[in-house]
Amino acid sequence: MAAVARAIDPVSTFNHAEQLLEKQRDNEAFGLYFELRDSSRMAPLSYYRMGEILNRTGQIEESIDCHRKAFELDPHLARGLTTNDHPCHDYRYHFVEQTHTTQCPMCGEQGRKHSCYNAITKPDFTPGFDPIRVWMHCDACHHIFAANYPTDLIGALRQHNHGSHLSPRHEVFPALGRVLSNIRTLAPGNRLLEIGAGAGEMAAVAAEFLFDVVGIDIRPAYANAVAERLKIPVHACDFLDYQADDTFDVICMGDVLEHTTEPVRMLLKSISLLNPGGVLWISTPNFESAFSRVQHDASPLWRACEHLNYFCYRSLQAMLQTMGVAVVDYAISRHCLGTMEITCIRE
Ligand SMILES: [Zn+2]
């Protein structure tokens, strides 16, 4: 009997590649995904997977090309990557006007491409962002920053409110209570400013600890909800535009610094609003955290589209010292994975 060439079934080849990927056999999986690049049905997901593997092997330009090709071939790529109940399941890829940068926002030196991720698999993806995120590393100050973000960043943030930030999560109160208990022992007075009030958990706990709380949030929906719920003043503005009429004994910046394109200005302005001996408390993801060290590229923090900076303890501490604040405590966040909490005092 004459041998008959077996037609390659793209679906079974893809499934086989997925099994190899599961077993971390990246090289063999890559070969199979590569074979599928002309399959109209399986090519988009195969390019996505190749983008992930190339990111792991440090071939960042090639990874970016693969992630772009995946969306180009199928703008509805998210349907193949997420379950039906995922908030981004029906996302359709579309052009977003973006600002591209290679300059480190901490020290001004040129960064080099560090990694590339597709953020569409993360349930809290914000629609006004491009899901393909390129991260840069600054060798001069050891900082990681986004190479691309929406040109109308504030507009993109304000157009979309995350439900998770409209309802307070009661389960985080004890963890925040420990933070505020420590701040209480250091603060020279009662006036506390919270930048990035979100759902108002920190502000609520600060009020319980008898602080006189003022809040700020860039999203009017969040600011208004917290003001209404807690009966405290909450300004709906970008902190950099905030016209303060007083100084503070404590400034809390919980999970905010990673969202700005101007972290240096934000830190300097915060410090200028602190009374002598005042406390600056910062919570932000740390790319050298224990969590990041064990998660590698599986960490969801690489796919957080609204994050534009990824700090580490070393570089942030060095920056704070040059700004005249002394770091007095370092802790691992009890409610945000891979996040550090730095407490410092204005000298
Ligand atoms: Zn730098």
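Me: Hi! How far is the sulfur of Cys 237 from the closest cysteine sulfur?

Reply: Hi! The sulfur of Cys 237 is 17 Å from the closest cysteine sulfur, the one in Cys 252, which is too far for a bond. Keep in mind that this is a predicted model.

Me: Okay. Is Cys 237 buried or exposed?

Reply: Cys 237 counts as buried because its relative accessible area is 17%, and the cut-off for buried is under 20%.

Me: And Cys 344, which cysteine sulfur is closest to that one?

Reply: For Cys 344 the closest cysteine sulfur is in Cys 252, at 11 Å, and that is too far for a bond. Cys 344 is buried, with a relative accessible area of 0%.

Me: How many disulfides does a search of the whole structure find?

Reply: The search finds 0 disulfides. A pair of sulfurs would have to be within 2.5 Å to count, so the 17 Å for Cys 237 rules out a bond there.

Me: Let's switch to the metal. Which residues coordinate the zinc ion?

Reply: Four cysteines do, each through its SG atom: Cys 104, Cys 107, Cys 138 and Cys 141, at 2.2 to 2.3 Å.

Me: What is the arrangement of the donor atoms around the zinc ion?

Reply: The arrangement is tetrahedral, because the angles subtended by the 4 donor atoms run from 99 to 116°.

Me: How are those donor residues spaced in sequence?

Reply: The spacing is C-x2-C-x30-C-x2-C. Across the middle gap, Cys 107 and Cys 138 are 31 residues apart and link distant parts of the chain. Cys 107 sits in the loop between β1 (98–100) and β2 (112–118), while Cys 138 belongs to strand β3 (residues 132–138).

Me: Is Cys 138 buried or exposed?

Reply: Cys 138 counts as buried, at 0% relative accessibility. Cys 107 has 35% and therefore counts as partly exposed.

Me: Nice. New topic: how many salt bridges are there in the whole structure?

Reply: The search turns up 18 salt bridges. One of them joins the side chains of Arg 191 and Asp 246, at 3.3 Å from N to O. That pair links distant parts of the chain, with Arg 191 in strand β6 (residues 191–195) and Asp 246 in the loop between β8 (234–236) and β9 (248–254), 55 residues apart.

Me: What about accessibility for Arg 191?

Reply: Arg 191 counts as partly exposed at 22% relative accessibility, and Asp 246 counts as partly exposed at 37%.

Me: What does the side chain of Glu 306 meet in a salt bridge?

Reply: Glu 306 meets the side chain of Arg 219, at 2.9 Å from N to O. The two are 87 residues apart: Glu 306 is in the loop between α11 (290–295) and β11 (309–310), and Arg 219 is in the loop between β7 (212–217) and α9 (220–230). Both Glu 306 and Arg 219 are buried.

Me: And Arg 314, which residue does its side chain meet in a salt bridge?

Reply: Arg 314 meets Glu 288, at 2.7 Å from N to O. Arg 314 lies in helix α12 (residues 313–322) and Glu 288 in the loop between β10 (274–285) and α11, so this pair ties together parts that are 26 residues apart in sequence. Arg 314 counts as exposed at 54% relative accessibility, whereas Glu 288 counts as buried at 18%.

Me: Which residues are linked in a network of salt bridges?

Reply: Glu 18, Arg 49, Glu 52 and Arg 303 form such a network.

Me: Let's zoom out. Which domains does the assignment give?

Reply: The domain assignment gives domain 1 (11–79), domain 2 (99–160) and domain 3 (164–346). The C-alpha centres of domain 1 and domain 3 are 38 Å apart.

Me: How many helices and strands are there in the chain?

Reply: The chain has 12 helices and 13 strands. One residue in a helix is Leu 157, in α6 (residues 153–158). Leu 157 counts as buried at 8% relative accessibility, and its C-alpha is 9.0 Å from that of Phe 129, 28 residues apart in sequence.

Me: Last one: what does the C-alpha trace of the chain span along its principal axes?

Reply: The trace spans about 90 × 40 × 35 Å. The radius of gyration is 23 Å, which agrees with the value near 20 Å for a compact globule of 347 residues. Of the 347 residues, 52% count as buried.

Terms used
Residues numbered from 1 in each chain as written. Predicted model: local features only at pLDDT ≥ 70, side-chain atom pairs only at ≥ 80, totals over all residues. Heavy atoms only, no water. Domains from an automatic or database assignment. Buried < 20%, exposed > 50% of the residue type's maximum accessible area, 1.4 Å probe, protein only. Salt bridge = Lys/Arg side-chain N within 4 Å of Asp/Glu carboxyl O. Helix = DSSP H or I, 4+ residues; strand = E, 2+ residues; numbered from the N terminus. Donors = N, O, S within 2.8 Å, 3.2 Å for Na, K, Ca; no water. Tetrahedral: all angles 85-135°; square planar, octahedral: opposite > 155°, others 65-115°. Rg over C-alpha atoms; globule rule 2.2 N^0.38 Å.
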